[in-house]
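Hello,

Here is the structure I promised to pass on to you. Please open it beside this email and follow along as you read.

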2 protein chains.
Amino acid sequence: MLIDNEKKAIVLLSGGIDSTTTMAIAKDRGFAIYSLSFSYGQRHAYELKAAESIANYFKVVKHVVINADLRGIGGSALTDNIEVPKARDERIISTEIPVTYVPARNTIFLAYALAWAEVIKSTHIFIGVNAVDYSGYPDCRPEYIEAFERMANLATRAAIEKKTYISIETPLINMSKAQIIKLGIELGVDYAMTHSCYDPSPDGFACGLCDSCLLRKKGFRDAGLKDPARYQV
Amino acid sequence: MLIDNEKKAIVLLSGGIDSTTTMAIAKDRGFAIYSLSFSYGQRHAYELKAAESIANYFKVVKHVVINADLRGIGGSALTDNIEVPKARDERIISTEIPVTYVPARNTIFLAYALAWAEVIKSTHIFIGVNAVDYSGYPDCRPEYIEAFERMANLATRAAIEKKTYISIETPLINMSKAQIIKLGIELGVDYAMTHSCYDPSPDGFACGLCDSCLLRKKGFRDAGLKDPARYQV
């Protein structure tokens, strides 16, 4: 596959299923990839390690980890000392905003991506948001993404100089987890590299019971595929 | 003056003239103030010290400093080792985008403010952007601020639950530097506390020649007032 080094994309990479599949899609479309991960809150070690391995696997041009200091602001089980909920009903997971929701997280992540896009002259920012399995998250909805894109195109030098258009790419937004996994496998993703759990054990085993583990397991089950993640239960 | 503790505002506070005057305006309107500063790039020490003094002076409820790691992304004289331009013509300062422009800076700052606003249930975010003296900055224009506000109202729990509206307040956007200074003095601002210089000496004296110093000096001159800043030249 030919990579066009003039066709640069930023990919937001958490190290989970969705962002890794998004990376594979961006790569498949021939972009030279600049991946961006964020260190925030308590449980970043395994995610960041997964993100780094995935960045290497996909031969990105550059992988940057930003220390996004969300603990100063608080308000989430993922950044504060609030307990991560376990073994919730799947119907509740997909409709309610959970305590693991991080306020304005995608806005902060996309803002950094926009800054980097302006520096490297990239016009495409890929984010693996999904409005199907995470319908409770305000910043995963198409209307939010469209509003961010509109704002982004007024925020930069390029907007003033009217030379380029920044596109926020959300290839997974209307896909189910099972569809995402099947597409990723077609594109050569090894999901053993990915990390989804909100609350892993000290040796990196997934809890198997948090919302993220439950959605992952359901995705593999619905796809009729074996989940390569290492679970405690 | 009565402070309504239910009426909370986030104020983005750099420690310069504009953000300090914005703080005074928010205070004058009776808001309980939550001030937010950012540590980024090389020259944060004097700015952050000024911001902290100003936060104390205005008796804010809480002052938070976020480590916004912009050096990983680069692209500005304020975060990279690019020379800060000196003694430029004032007409050029007010129309060109300078090398001191930090890509997507206001978008990143407002994104953090939005996150904090959601956590503390504040509906007002004050930012001291100015489209007169900084017309070269894309993210200081009214159309940018409006687009950010629109996006913000789709980004949060409140947007989903339809209970509140987030307002981005830009009281200085159409004011000249001289008008800003006069208003601040009416509201009790002591501008000796503020720091404007992009390139201060190790002992904290302003260079007197960078764009920010030149705009500050011109502002005091046009207002017919003495600038209390300590200058090297």
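**Two helices that cross**

In chain B, helix α1(B) passes helix α7(B) in a left-handed crossing. This comes from a predicted model, so please keep that in mind throughout.

To find the pair, look for residues 17-28 of chain B, which form α1, and residues 177-186 of chain B, which form α7. Their axes come within 9 Å and cross at roughly 40°. Angles under 35 degrees would count as roughly parallel, and those from 65 to 115 as roughly perpendicular; the angle here therefore makes α1(B) oblique to α7(B).

Which residues make the contact? From α1(B) they are B:I17, B:D18, B:T20, B:T21 and B:A24, and from α7(B) they are B:I180, B:I181, B:L183 and B:G184. Sorted by class, the residues of this contact are five nonpolar, three polar and one charged.

**One chain as a whole**

Now please turn to chain A. What does it contain? There are eight helices and five strands in chain A. Starting from the N terminus, you can trace the elements of chain A in the order β-α-β-α-β-α-α-β-α-α-β-α-α.

How much of chain A is buried? Of its 233 residues, buried ones make up 52%. You can also ask how far apart along chain A the contacting residues are: among contacts with a separation of 6 or more, 72% are between residues 24 or more positions apart.

**Where the chains meet**

How many residues does each chain bring to the contact between chain A and chain B? Chain A gives 35 residues and chain B gives 35 residues. On the side of chain A that touches chain B, the elements giving two or more residues are β3 (62-67), α4 (105-120), α5 (142-155) and α6 (157-161) of chain A. The largest share of that side comes from α4(A), with nine residues. By class, the side of chain A that touches chain B has 23 nonpolar, six polar and six charged residues.

**How the copies are related**

Finally, try laying one chain over the other. A rotation of 180° with 0.0 Å of shift along its axis superposes chain A on chain B, with an RMSD of 0.0 Å. The two copies are thus related as by a two-fold rotation axis. The same surface serves both of them, as 100% of the contact residues of chain A recur in chain B.

Enjoy exploring, and write back with any questions.

Best wishes

How values were computed
Residues numbered from 1 in each chain as written. Chains lettered and ligands numbered in written order. Predicted model: local features only at pLDDT ≥ 70, side-chain atom pairs only at ≥ 80, totals over all residues. Axes fitted to C-alpha atoms, helices over the stretch in contact; angles between N-to-C directions. Helix = DSSP H or I, 4+ residues; strand = E, 2+ residues; numbered from the N terminus. Parallel < 35°, antiparallel > 145°, perpendicular 65-115°, else oblique. Left-handed = near helix turned anticlockwise from the far one by under 90°. Contact = placed C-beta atoms within 7 Å. Nonpolar A, V, L, I, M, F, W, Y, C, P; charged D, E, K, R; others polar. Least-squares fit on C-alpha atoms with pLDDT ≥ 70 in both. Buried ≥ 20, exposed ≤ 12 C-beta atoms within 10 Å, placed from the backbone.
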